[in-house]
Amino acid sequence: MRYCKRCVMPDTKPDLWFDEAGVCSACLSYEQRPTVDWAARRKELVRILDQFRSKDGSHWDCIVPVSGGKDSTYQVSRLLEFGNESADRSDSRNNEGHYFHDT
Ligand SMILES: [Zn+2]
């Protein structure tokens, strides 16, 4: 078994790959974070949400498939917060944050 030289992630993780120095793709992706245009990414997310969200609040606005682990649970938590922030800013029909629904 091969392990990342930086974080010791094993190569048994699906879709993980290593560079020539033995650093895994997750570590390399993390290093790229400062180069990401987060404002543009947020704008794109809002555009997608606006395209698919329920127009009258009677349906689900999106589905977030999760494994139940801490990473995916955190994603749900952040999306719920983001949905409420977005709804407060852009949705004058109500302020209940109908971008996302908790189960
Ligand atoms: Zn790594």
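This is a short talk on the fold, the confidence and a few backbone details of one protein chain.

Okay, ground rules. What we have is a predicted model, so local features need pLDDT of at least 70 and side-chain atom pairs count only at pLDDT 80 or more, while totals for chains, interfaces and linings use all residues. Numbering starts from 1 along each chain, as its sequence is written.

Now the overall picture. The protein chain has three helices and zero strands, and from the N terminus the order is α-α-α. Helices and strands here are DSSP runs, numbered from the N terminus: H or I with at least four residues for a helix, E with at least two for a strand.

How much of the chain is buried? Of 103 residues, 9% count as buried. Buried means 20 or more other C-beta atoms within 10 Å of the residue's own, exposed means 12 or fewer, and partly exposed is in between, with C-beta atoms placed from the backbone. As for contacts, take those in the chain with a separation of 6 or more: 21% of them join residues 24 or more positions apart. A contact is two C-beta atoms, placed from the backbone, within 7 Å.

On to confidence. pLDDT is the predictor's confidence in each residue, from 0 to 100. The chain's mean is 82, and 81% of its residues reach 70 or more. Among the elements, H1 (residues 25–31) has the highest mean, 96, and H3 (residues 70–90) the lowest, 78. Then comes the tail: residues 91–103 stay under 50, though the model still has 26 contacts for them beyond four places in sequence. Where pLDDT is low, the predicted coordinates should not be read in detail.

Next, H2, residues 38–52. Its 15 residues reach 21 Å from first C-alpha to last, close to the 21 Å expected at 1.5 Å a residue; that expectation is 1.5 Å times one less than the number of residues. H2 is hardly covered, with zero buried residues.

Finally, the segment before H1. Which residue there has a phi of about 65° without being a glycine? Val-8, which lies in that segment, has that positive phi. Val-8 counts as exposed because it has 8 C-beta neighbours inside 10 Å. Asp-15 sits in the segment before H1 too, with a positive phi near 65°. Asp-15 is exposed, with 6 other C-beta atoms within 10 Å. Pro-10, also before H1, is exposed with 11 such atoms within 10 Å. Leaving out residues up to four places away in sequence, Pro-10 touches Met-1 and Tyr-3. Pro-10 and Cys-24 are 14 residues apart in sequence and 8.9 Å apart, C-alpha to C-alpha.
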